[in-house]
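Got your viewer open? Let's take a walk through this one together, one selection at a time.

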Amino acid sequence: MKQKIGIIYSSVDGHTKKICEHLEELLTVDQLKPELYSIEAFSGNIMSFDTLIIGASIRYGKHNPLIYKFITDEKDKLKAIRTAFFSVNLVARKDTKNTPDTNPYLIKFIKEINWKPDILDVFAGKLDYKAYSLFDRIMIKLIMRITHGPTKSDVPIEFTDWKRVKDFSEKI
Ligand SMILES: Cc1cc2nc3c(=O)[nH]c(=O)nc-3n(C[C@H](O)[C@H](O)[C@H](O)COP(=O)(O)O)c2cc1C
């Protein structure tokens, strides 16, 4: 059966968007492409989708407030279709914190939002010191020092396990 799939993302530096574009490619079947939107640009009716994927990154411990608002406002509709949610963050680079049951941000988010998507996942994000403002760079370095991650790198480090992203697309 051909399914109409929607993908909505919240991405500040573009990494969650990149993951969603990869999902779009993986989920394109017989010229039927998923519809991809940023949370800022989406204004359609989610009931037009058979399946909706929502992906959002973590900044300073939280997903974008627009994601909380969207899910809260659309909860009834979300319950009527098939849904998937994934979070992108750097804590998920650790083997002990990279599943829906072990990633602290995802656990807290699902509890707070009181919504249970059919498919839930978490992917490790990207670390790109050169792209950050001075304040963000200092803060991320501090977090990396505390969590024993790289505190220096001239090149971006992508911690994302793309095989996990493929497995996620296969579940969809
Ligand atoms: C300003 C800033 C704050 C961040 N805060 C956190 C955080 O609190 N916890 C975490 O695990 N990752 C944190 N990250 C890492 C991001 O989640 C990661 O870089 C992700 O790939 C960003 O995705 P995006 O480009 O789609 O926004 C932070 C990154 C930045 C730049």
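Which atom of the ligand does a polar side-chain atom of Thr-16 lie 2.6 Å from? Select Thr-16 and the ligand together to find out: the partner is an oxygen atom of the ligand. Before going further, keep in mind that you're looking at a predicted model.

**Stop 1: around the ligand**

Stay with the ligand and add Val-91. Here it's the backbone that takes part, with an N or O atom 2.9 Å from a ligand oxygen. Now pick Tyr-105, where an N or O atom of the side chain sits 2.8 Å from a nitrogen atom of the ligand. How much of the ligand's own accessible area does the protein cover? Show the surface and take a look: 97% of the 640 Å² that the ligand has on its own is covered.

To see who does the surrounding, bring up the 21 residues around the ligand. The closest of them are Ser-11, Thr-16, Ile-58, Tyr-105 and Lys-126.

**Stop 2: the largest nonpolar core**

Next, select Leu-52, Ile-54, Ile-67, Phe-70, Ile-71, Phe-85 and Phe-109. These have the most contacts inside the largest nonpolar core, a group of 24 residues. Then color β3 (51-57), α2 (65-73), α4 (104-113) and β5 (119-124), the elements that each give two or more residues to this core.

Zoom in on Ile-71. Which residues does Ile-71 touch once its neighbours within four places in sequence are set aside? You'll find Ile-54, Leu-78, Phe-85, Phe-109, Ile-113 and Trp-115 in contact with it.

**Stop 3: a second core**

Clear that and try Tyr-9, Cys-20, Leu-23 and Phe-86. They are among the 16 residues of a second core, separate from the one you just left.

**Stop 4: the whole chain**

Zoom out and switch to cartoon. The protein chain has 6 helices and 7 strands, and tracing from the N terminus you'll meet them as β-α-β-β-α-α-β-α-β-β-α-β-α. The radius of gyration is 16 Å, close to the 16 Å from the globule rule for 172 residues, so the chain is as compact as a globular protein of that length. Along the principal axes, the C-alpha atoms fill a box of roughly 45 × 35 × 30 Å.

Try coloring by burial, too: 45% of the 172 residues are buried. Then draw the contacts between residues with a separation of 6 or more; 75% of them link residues 24 or more positions apart. Finally, put the surface on: the accessible surface of the chain comes to about 9500 Å², with 54% belonging to carbon and sulfur atoms.

Note on methods
Residues are numbered from 1 along each chain as its sequence is written. This is a predicted model: local features need pLDDT of at least 70, side-chain atom pairs count only at pLDDT 80 or more; totals for chains, interfaces and linings use all residues. Side-chain values use heavy atoms; hydrogens and water are left out. A nonpolar core is a set of buried Ala, Val, Leu, Ile, Met, Phe, Trp, Tyr and Cys residues joined through side-chain atoms within 4.5 Å. Buried means under 20% relative accessible area, exposed over 50%, partly exposed in between (1.4 Å probe, protein chains only). Helices (H or I, at least four residues) and strands (E, at least two) are DSSP runs, numbered from the N terminus. Contact means heavy atoms within 4.5 Å. A residue is near a molecule or strand if one of its heavy atoms lies within 4 Å of it. A polar contact is a pair of N or O atoms within 3.5 Å; within protein, one must be able to donate a hydrogen and the other to accept it, and residues adjacent in sequence count only if both atoms are side-chain atoms. Accessible areas come from the Shrake-Rupley method with a 1.4 Å probe; for residues, only the protein chains shown count as cover. The radius of gyration is taken over C-alpha atoms; the globule rule is 2.2 Å times the number of residues to the power 0.38.
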